[in-house]
Amino acid sequence: MFNRNKILIFSIILLSGLLSSCATILNRESHDVKITFSENIKNIDVGDVHQTEKQQIYQIRRSADALVLKATWDTNVTVVEIQPKSSMAYWLNIPFGTGIGLILEKNNPKRWEYPRQIHLELKDDNTIEILRYKPFTQGTLNGNISFAILNHYYLQAFESKQKEGGALGLGLGLEYYYQDKSYVSAGFGATLDAGLGESFGGPRERTNALFVNALNNHVLGYYEVGYGLHFSRLQWNRDYIGEVMPGDDATERFVNTFGVGPSFSLQLRRNDYGRFGIIYQPNVLNLNGNPKFDYQHLISFTASFNTNFKL
């Protein structure tokens, strides 16, 4: 029994130590860093590597020290330092190791990571701006496809307003940059709620939306804020699945609301061509019923992807 207890205690200590070393286990000694720079920068030096291509991926060794980049433009050289940050694996020590690993790995080089993407932009005042992603410039035309992750509806049903939710949708659009950090977008989208959990028999309620919108957008760091107008059709539908039970109302009903209103979007850029975002489109003017000014809305959380068209 004594030996058993000792083995159990040793196993617990060993397991705790492993769970408290997340960065050591999960992180490699080095990781990929994609480095790009603007056209007015001639080249950059990354350590001992001389980079003349506008885009290159490096294997950078993890360290608590800053990553030093030397940018050459004209006959000048500007030194830029990129500070590391604690990696996600390091912070996993909190839920999986009760925080012990934060102490154990405090001075471990595997704790650190540099930004996965770094872009150096030489500005008009001859200073270097450090960005995460290469910005789209004036004249850029992008195609866009988006997928709805989660939708929320507040819309007119048969007798009253209802709140509904769903998780499907698709959107297509175009983006044109009329300035380096500003663009107009136009798009078409469709979202729906398939009535999950109600398809085994009996009454089923479904909602969906079709819309077109046009927005003016501004890039603010990693975020993109848009505002504009939309035209949409919100539809509520009730039908019946399976055998009609005594006392059930199997009458199919639907309500269509056509409306216009403002459109607002907030997006977070995650890589060169991908974003996560939210779009809020309230209907304030009812085009096919009364009252004319009648609030309804669609809120949609999306993941979107761009493709660039060369002009």
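1. Overall make-up. The chain holds five helices and 20 strands. The model is a predicted one. Of the 311 residues in the chain, 41% are buried. The exposed surface comes to about 17900 Å². Carbon and sulfur atoms supply 61% of that area.

2. Contacts along the chain. Take the contacts with a separation of 6 or more. Residues 24 or more positions apart account for 61% of these.

3. The open sheet. Strands β3, β2, β5 and β6 form an open sheet, in the order β3-β2-β5-β6. Pairing in this sheet is antiparallel. The edges are β3 (49-51) and β6 (76-82); each has a single partner strand, so one side of each is left without a neighbour in the sheet. Direction ignored, neighbouring strands here are turned by 20° against each other on average.

4. The β2 and β3 pairing. Strand β2 spans residues 43-46 and pairs with β3 over three bridges, in the antiparallel sense. One residue to look at is V46: its bridge partner in β3 is V49.

5. H230, position and burial. H230 lies in strand β16, which covers residues 223-241. Is H230 buried or exposed? Its relative accessible area is 4%; the cut-off for buried is under 20%, so H230 counts as buried.

6. H230, polar contacts. The side chain of H230 has a polar contact of 2.8 Å with the side chain of N283. A polar atom of the H230 side chain also lies 3.0 Å from the backbone oxygen of P262. The first partner is thus a side chain, the second a backbone atom.

7. H230, surroundings. Leave aside residues up to four places away in sequence. H230 then touches V212 and N213, the run G259, V260, G261, P262 and S263, and also Q281, P282 and N283. Both polar partners, P262 and N283, are on this list.

8. Aromatic pairs. The count of aromatic pairs comes to nine. In one of them, Y177 with Y183, the ring centres are 4.7 Å apart and the planes stand at 35°, so the pair is tilted. Planes under 30 degrees apart would count as stacked, and over 60 as edge-to-face. Y177 and Y183 are both buried.

9. Aromatic cluster. Which residues join Y177 and Y183 in one aromatic cluster? They are F136 and Y273.

Note on methods. Residues are numbered from 1 along each chain as its sequence is written. This is a predicted model: local features need pLDDT of at least 70, side-chain atom pairs count only at pLDDT 80 or more; totals for chains, interfaces and linings use all residues. Side-chain values use heavy atoms; hydrogens and water are left out. Helices (H or I, at least four residues) and strands (E, at least two) are DSSP runs, numbered from the N terminus. Buried means under 20% relative accessible area, exposed over 50%, partly exposed in between (1.4 Å probe, protein chains only). A polar contact is a pair of N or O atoms within 3.5 Å; within protein, one must be able to donate a hydrogen and the other to accept it, and residues adjacent in sequence count only if both atoms are side-chain atoms. Contact means heavy atoms within 4.5 Å. Two strands pair if DSSP finds at least two bridges between them. Axes are lines fitted to C-alpha atoms, for helices over the stretch in contact, and angles run from 0 to 180 degrees between N-to-C directions. Accessible areas come from the Shrake-Rupley method with a 1.4 Å probe; for residues, only the protein chains shown count as cover. Rings of Phe, Tyr and Trp (its six-membered ring) pair if their centres lie within 6.5 Å; planes under 30 degrees apart count as stacked, over 60 as edge-to-face and the rest as tilted.
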